[in-house]
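Hello,

Here is the structure I promised to pass on to you. Have a look at it first, and then read on for what turned up in it.

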Amino acid sequence: MSDSLRDRIEQYYATVPLLFSDAEDFGSLRLFVRNKPGAPYYGGPSHARPTAGGSAALADTDIARVRARQRELGVPTAFEWLAEVAPTLRARIEAVGLPVAERPLMVLDRDRPVHQRPLSDGVTLRALTADDPALPAALALPRLAFAEEGTAVGSTGPGELSVAARELIEDGTVAAVRPVIRAGHKTLVAALSSDGTPLAVGHYHPAKGTTEIGGIGTLPSARRRGLAAAVTTALVGHARDHGVSTVFLAYADDAVARIYARLGFRPAGTTLLIADQPARS
């Protein structure tokens with residue numbers, strides 16, 4: 001990873017949580033504490049990362065203070081950082097008994113074109129507005145996609161999606177996300193069937209010309225149709241059309257990485273996080 005790319009990604013990780021959180025500093029570590037209801041960018045809802053230049057001064061007491069504050073807030077232990085920025089943090093985290101997981105990153109070069117392939121069976125792609133009737137189901141879809149891991153076609157389909165969408169309406173999640181979309185802090189793109197049912201979704205949060213694409217999931221019953229790749233391509237195009245030049249993503253599965261590689265993404269560093277911490281929203 002080049003120094004300039006590393007700096008852009010690190011600045012992104014330091015900036016986007018502030019759309020939803022307050023920052024509290026504990027020596028060499030910064031804790032983002034959610035200050036708004038609903039689903040935040042980081043699913044902690046508290047998340048810690050090194051402060052700028054804080055790696056060299058990292059102290060074990062900083063980790064202990066962050067964990068104490070997370071317990072006080074009643075949230076899970078959650079740390080996430082770019083491995084290349086804080087090379088000593090992993091050993092310190094593991095020394096206190098916290099398992100660390102790797103999420104390799106991939107980036108799309110600025111001049112690398114992406115081409116949308118035709119979709120069959122009446123499927124269309126759409127960037128969802130805050131009032132889009134498909135929004136509740138689109139927000140619910142990743143839960144079902146990630147609960148049934150892998151890329152094989154599964155049994156979970158529109159019926160289960162409808163139930164999950166109603167749950168997000170009732171618990172206030174949909175209402176909390178609407179203003180975030182209206183403000184332009186979050187963009188969701190969905191692949192929709194002819195009746196308007198989301199079959200695959202993904203999102204991005206832009207910040208200072210950089211974005212991470214995330215939350216890409218396909219309804220298990222709709223897998224093996226190229227929908228995740230189509231959504232990823234649409235997200236890239238939408239982000240570039242709205243001033244984003246650096247597009248990156250993280251992956252946890254090699255089969256998924258191969259899909260991104262075919263679209264033109266290449267390896268670019270590694271994100272580290274606590275193995276069992278909640279996924280980002």
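Before the strands come up, one term is worth having: two strands count as paired if DSSP finds at least two bridges between them. Please also keep in mind that this is a predicted model.

With that term in hand, start at the hairpin. Strand 1 (residues 21-26) and strand 2 (residues 29-34) run antiparallel and are joined by 6 bridges. Within this pair, Glu24 of strand 1 stands opposite Leu31 in strand 2. The two strands make a hairpin with 2 residues between them, and Gly27, in the turn, has a positive phi of about 65°.

Next, the open sheet. It is formed by 8 strands in the order 4-11-5-10-9-8-7-6, and the pairing is mixed. Which strands stand at the edges? They are strand 4 (80-82) and strand 6 (124-127); each has a single partner strand, so one side of each is left without a neighbour in the sheet. On average, neighbouring strands of this sheet are turned by 25° against each other, direction ignored.

Within that order you will find strand 9 (residues 210-218) beside strand 10 (residues 246-250). These two run parallel and are joined by 4 bridges. Here Ile213 stands opposite Leu249 in strand 10. Helix 8 (residues 254-263) lies across strand 9, strand 10 and strand 5 (100-108), and runs at about 15° to strand 5.

Helix 8 also has a helix to meet. Its axis and that of helix 7 (residues 227-241) come within 10 Å and cross at roughly 50°, and the two helices are therefore oblique to each other. Their crossing is right-handed. On the helix 7 side you will see Ala229, Thr232 and Thr233, which meet Ile259, Tyr260 and Leu263 in helix 8. By type, the residues of this contact divide into 4 nonpolar, 2 polar and no charged.

Now to helix 4 (residues 135-147), which packs against helix 5 (residues 158-170) at an angle of about 115°, with the axes 8 Å apart. The two are therefore roughly perpendicular to each other, and their crossing is right-handed. Helix 4 brings Pro136, Ala137, Leu139, Ala140, Leu141, Arg143 and Leu144 to the contact, while helix 5 brings Glu160, Leu161, Ala164, Ala165, Leu168 and Ile169. These residues divide into 11 nonpolar, no polar and 2 charged.

Helix 4 packs with helix 6 (residues 173-182) too, at an angle of about 105° and with the axes 11 Å apart. That makes helix 4 roughly perpendicular to helix 6. The contact is made by Leu135, Pro136 and Leu139 on the helix 4 side and by Val174, Val177, Arg178 and Ile181 of helix 6. Here the residues divide into 6 nonpolar, no polar and 1 charged. If you compare the two lists, Pro136 and Leu139 of helix 4 appear in the contact with helix 5 and in the contact with helix 6.

Last, a word on charges. Side chains of opposite charge can pair when their charged atoms come close. How many salt bridges does the structure have? The count comes to 14. One to look up is the salt bridge between Asp3 and Arg6, where the closest N and O atoms are 3.6 Å apart. Asp3 and Arg6 are 3 residues apart in helix 1 (residues 3-15), which means that about one helical turn separates them.

Enjoy looking around, and write back with any questions.

Best wishes

Terms used. Residues are numbered from 1 along each chain as its sequence is written. This is a predicted model: local features need pLDDT of at least 70, side-chain atom pairs count only at pLDDT 80 or more; totals for chains, interfaces and linings use all residues. Side-chain values use heavy atoms; hydrogens and water are left out. Axes are lines fitted to C-alpha atoms, for helices over the stretch in contact, and angles run from 0 to 180 degrees between N-to-C directions. Angles under 35 degrees count as roughly parallel, over 145 as roughly antiparallel, 65 to 115 as roughly perpendicular and the rest as oblique. A crossing is left-handed if the near helix is turned anticlockwise from the far one by less than a right angle, and right-handed if clockwise. Contact means heavy atoms within 4.5 Å. Ala, Val, Leu, Ile, Met, Phe, Trp, Tyr, Cys and Pro count as nonpolar, Asp, Glu, Lys and Arg as charged, and the others, Gly among them, as polar. A salt bridge is a side-chain nitrogen of Lys or Arg within 4 Å of a carboxyl oxygen of Asp or Glu.
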